[in-house]
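Colleague: Got a minute? I'd like a quick tour of this one.
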Amino acid sequence: ALLEGGKATPGTRECYTGGEHAITPRDLEARGTTCSSLGEALGYSHNLVFARLAKKHLTPDELRRTARDLGMSGEVPIDVPMSPSVVDIPDDPFGMARASAGFWNGKLSPLGALFAMQTIANEGERIKLSLLDHGGPTARVSVGRAMSPQVARSMTHMLELTARRGTAAKAFTHEDGTRALPGVGVAAKTGTLIGGHPTRMYSWFSAFAPSTKPEIAVAVMLGNDLRWRTKANRVGRELLEAYFGVRDPRLAASARRATPRRPGAPKADARKR
């Protein structure tokens with residue numbers, strides 16, 4: 001919404017203090033000592049940057065419209081009935097700012113996250129999803145535009161930071177220090193929430209690749225006990241490695257190193273994938 005409205009660029013800097021675990025009214029006004037660009041904030045999940053910039057430059061209606069266009073609010077265009085994502089953008093400045101940073105006000109479905117990534121990958125065009133086999137090639141059906149191609153390309157560059165140096169960088173590095181998916185740019189976003197009854201740690205990963213000429217988009221949400229074994233960004237990486245490894249022997253070997261085979265399990269046959 002900031003980019004599309006011309007209110008900010010990926011290089012727009014915002015200084016802040018606080019906001020590590022929650023956002024208070026004081027966090028939105030205090031003179032900050034830590035500074036980040038909008039692009040860096042996306043890749044490193046500096047949530048307070050979004051809250052402060054939204055309070056300065058956006059209206060609740062602008063946020064609602066953007067959430068709806070990206071599939072983060074309401075129904076996603078698809079050929080089967082699906083539950084909609086829900087996001088509540090309060091009218092008061094503090095509530096609106098906090099919601100813009102993803103705190104407490106949204107119930108996003110994995111399908112909504114997938115649609116958002118697909119829309120950015122399609123240079124801002126909203127393309128209807130298809131789950132059913134219609135007995136022939138799937139038609140490409142456009143249902144409007146969520147953002148301009150220029151903004152979609154800016155978003156892509158910002159999202160590339162996540163896997164390269166940001167919150168998913170560790171998951172995209174194998175134990176031997178080698179990088180996952182060498183030569184394949186990945187545009188991604190992560191998220192983490194703790195809550196519910198019983199308490200769960202929910203991890204998110206949504207992405208598309210290659211970032212320059214996208215072929216595949218993925219969305220993963222895992223709900224684990226607080227002592228988790230794996231996170232969504234690791235599973236998302238393995239999904240991408242499995243997809244690209246079919247055609248690139250180097251990536252296939254990388255995926256085999258990263259995913260230990262269960263005792264007695266047959267070896268994967270790439271021809272049958």
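Modeller: Sure, we can go through a sheet, the helices on it and a buried residue. Keep in mind that this is a predicted model.

Colleague: Start with the sheet. What order do the strands of the open sheet have?
Modeller: The order is E7-E8-E9, three strands with antiparallel pairing. Strand E7 (187-195) and strand E9 (216-224) are the edges, each pairing on one side only. On average, neighbouring strands are turned by 10° against each other, direction ignored.

Colleague: How many bridges link E7 and E8?
Modeller: Nine, in the antiparallel sense; E8 covers residues 200-209. One spot to look at: Leu193 is opposite Tyr202 in E8.

Colleague: Which helices lie across E7, E8 and E9?
Modeller: Helix H6 (residues 110-121) does, at about 25° to E8. H8 lies across those three strands too, and runs at about 145° to E9.

Colleague: Zoom in on H8. Is Asn233 buried or exposed?
Modeller: Asn233 sits in helix H8, which spans residues 232-245. Asn233 counts as buried because its relative accessibility is 11%, and the cut-off for buried is under 20%.

Colleague: What does Asn233 touch, leaving out residues up to four places away in sequence?
Modeller: Thr167, Ala168, Ala171, Phe172, Thr190 and Phe205.

Colleague: New topic: H3. Which of its residues are buried?
Modeller: Helix H3 covers residues 47-57, and its buried residues are Leu48, Val49, Phe50, Ala51, Arg52, Leu53 and Ala54.

Colleague: And what do they pack against?
Modeller: The buried residues of H3 pack against strands E1 (13-16) and E2 (34-37), plus helices H1 (25-29), H2 (38-44) and H5 (93-100).

Key. Residues numbered from 1 in each chain as written. Predicted model: local features only at pLDDT ≥ 70, side-chain atom pairs only at ≥ 80, totals over all residues. Heavy atoms only, no water. Helix = DSSP H or I, 4+ residues; strand = E, 2+ residues; numbered from the N terminus. Buried < 20%, exposed > 50% of the residue type's maximum accessible area, 1.4 Å probe, protein only. Contact = heavy atoms within 4.5 Å. Pairing = 2+ DSSP bridges. Axes fitted to C-alpha atoms, helices over the stretch in contact; angles between N-to-C directions.
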